[in-house]
Amino acid sequence: MPKLIFEKNVPGSNSFSLPPGQIPNPAISKTIPAQFLRQEALNLPEISEVEAVRHFTELSTRAYGVDNGFYPLGSCTMKYNPKINEWAARLPGFAGIHPYQPEDTVQGALQLYYEMQEMLAEITGMDGFSLQPAAGAHGELAGVMIIKAYHQQRQDAKRTKIMVPDSAHGTNPASANVVGFEVIEVKSNQRGLVDLEDLRSKMTDEVAGLMLTNPNTLGLFEEDIQEIATIVHEAGGLLYYDGANLNGIMGVARPGDMGFDVIHVNLHKTFGTPHGGGGPGSGPVGVKAQLLDFLPKPITVKQGEEYRFNYDLPLSIGKVKNFYGNFGVIVKAYAYIKALGAEGLKEAGQHAVLNANYLRHQLRDDYHIPLDRLCKHEFIINSKKQAENGVTTLSIAKRLIDYGNHPPTIYFPLIVSEAMMIEPTETESKERLDEFVQTMRTIAREAAENPELVSQAPHKAVIKRVDEVTAARKPVVKWEAGVKI
Amino acid sequence: MHTPENLFYSKEHEWVRVEGNKGYIGISDFAQHQLGDIVFVELPELDLEINLGESIGVIESVKAAATLFSPVPGTIIEVNEDLEEAPELLNQDPYHNWIAVLDLSDSSRLEGLMSAEAYNAYCQTLES
């Protein structure tokens, strides 16, 4: 373990003296009332400039991103983020403008917003978009707020429930709950798809809507989507599309054509902008025509040759983000869409599906695949074959770290025991995929011949197997001088 | 997998032990095994009236967070506060360490619950 910067404290190591100033410098006790003055010493480490730089440079090398290597984190679409997107976002005309500037002086930025709204609507088959939400779950929240506002506007206050499949992302029930809906779980059937009988039996006039991911978290296309849409619509509910898995159908099928009424897309997944710490994210929310009035405002509109922010939307759920959303991220995603074009986006979607199916095919001899049939952008394996030697999915994931990979998503979706969810994305070459297959085969052999080796992995990482149970049961969340953990 | 004969089981992997008007509720050995090391248990509030299948708490493990559904309707009259400090008790002995006790006097329905034998057979179908 590297030392914390507090543990690198060397008293006097960053001392300096400034020449006497020409302006008199009164004592602090003369300028600030005594009750506001700190009595105890400020606990900041003393460290020289070069040691501070080395400390943080060393930490920066511990990060692992898609620029370091293979990152098949299922459901997260960790595709390579083209560096030309960064170039675009740093153009002075975008990077140097201020949100308080008059609209006349930022016509280019507004044009980009307008065109982005239009392009996302075309890609997803919706009628309009708001680019405000700052991330995927934020887009979901806005979308569910729109559903609530729609029913309230129709004076249909009895709709207090939202349905979510048992394979859904955890953010779906969380978003519905935050908006004040009661969440009803819909079961999956033996084929890993929404159980239509269960859906029908739970559908009432109290249901405001159904939240769905298609392809779902098992990487499978909801083949009954039209039937599902009919069931929901006939009962007066709305259909919400969680865009997390849009990469699996991009350019080939459109949620709007499947009957979805509200959608959010993750620019930081599908449209090539960085995730997480490299983000921020962006989760535009889109709707069909009957819901346009409820979108978060302002919406960018074109009047003649001019672009304007339209705040005149009386039914809008309001603003969901200060200013206009994560502008730089939207510029990057715009650059991505323009660089690929319609054909390129389709090809990206097709290659994402091809890569996932190639890996599934190559891994099926060594690993159990619970739903082994044509998948979309991701698929699930588990450790059933390795379990007889006591090797769990967690251990296989840890062993992958030893071979220089970021482990896939594990123990999700919850409906598959010991799940490992693999999403290679379209930006990986066949050579990379083959390398991963070889590594997975090696780990399967190790699990059979030397299970201890796998069960105690990682061996090469800076931090070895972490005691996750104690970390969760008795978390130590702050550092204190002199306290040994 | 251990499955005591004197309990009733739900498809959501809860068990009920009926003693007079009281229904003791816990999770099955299968459930604790699937969840792995349990790190947190959120208990229901006392006097809460619960309908069949309603949520009465949350169980978190290193792998997942799972909602605890009540396999019977009733009013919460006791909760096992030991689990707040020691959630691992559910891993150690899921049948001795009940989670909550319901007053079943208004309703003694054990609808849709399974015997130990039926529950074992049900779990086998999930193993595939």
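Biologist: In this predicted model, how many bridges pair strand 2 of chain B with strand 3 of chain B?

Modeller: Happy to start there. Strand 2 of chain B covers residues 14-19, and strand 3 of chain B covers residues 22-27. One pair to look for is Arg17(B), which stands opposite Tyr24(B) in strand 3 of chain B. The two strands pair in the antiparallel sense, and the number of bridges is six.

Biologist: Which residue in the turn between strand 2 of chain B and strand 3 of chain B has a positive phi?

Modeller: These two strands form a hairpin with two residues between them. The phi to look for in that turn is about 65°. The residue that has it is Gly20(B).

Biologist: And what is the bridge partner of Phe8(B) in strand 2 of chain B?

Modeller: Strand 1 of chain B, residues 8-9, runs antiparallel to strand 2 of chain B, and two bridges join them. Their hairpin has four residues between the strands, and His13(B) there takes a positive phi near 75°. Across from Phe8(B), the bridge partner is Val16(B).

Biologist: Is Val39(B) buried or exposed?

Modeller: Val39(B) is found in strand 4 of chain B, residues 38-42. A residue counts as buried if 20 or more other C-beta atoms lie within 10 Å of its own. Val39(B) has 23 other C-beta atoms within 10 Å, so the answer is buried.

Biologist: Which residues of chain A does Val39(B) touch?

Modeller: Leaving out residues up to four places away in sequence, Val39(B) touches residues of both chains. On the chain B side these are Glu60(B), Ser61(B), Val62(B) and Pro87(B). On the chain A side they are Val469(A), Ala472(A) and Arg473(A).

Biologist: What classes of residue does chain A bring to the contact with chain B?

Modeller: The contact takes seven residues from chain A and seven residues from chain B. Split by class, the chain A side has four nonpolar, one polar and two charged residues.

Biologist: Why is helix 6 of chain A described as largely enclosed by the rest of the structure?

Modeller: Helix 6 of chain A runs over residues 136-153 and reaches 26 Å from its first C-alpha to its last, close to the 26 Å expected. Just after this helix, Gln155(A) takes a positive phi of about 60°. The helix is largely enclosed because, of its 18 residues, the number buried is 14.

Biologist: What distance separates the centres of domain 1 of chain A and domain 2 of chain A?

Modeller: The domain assignment gives 5-60 for domain 1 and 83-340 for domain 2. Taken over C-alpha atoms, their centres are separated by 47 Å.

Terms used. Residues numbered from 1 in each chain as written. Chains lettered and ligands numbered in written order. Predicted model: local features only at pLDDT ≥ 70, side-chain atom pairs only at ≥ 80, totals over all residues. Pairing = 2+ DSSP bridges. Contact = placed C-beta atoms within 7 Å. Nonpolar A, V, L, I, M, F, W, Y, C, P; charged D, E, K, R; others polar. Domains from an automatic or database assignment. Buried ≥ 20, exposed ≤ 12 C-beta atoms within 10 Å, placed from the backbone. Expected span 1.5 Å × (residues − 1).
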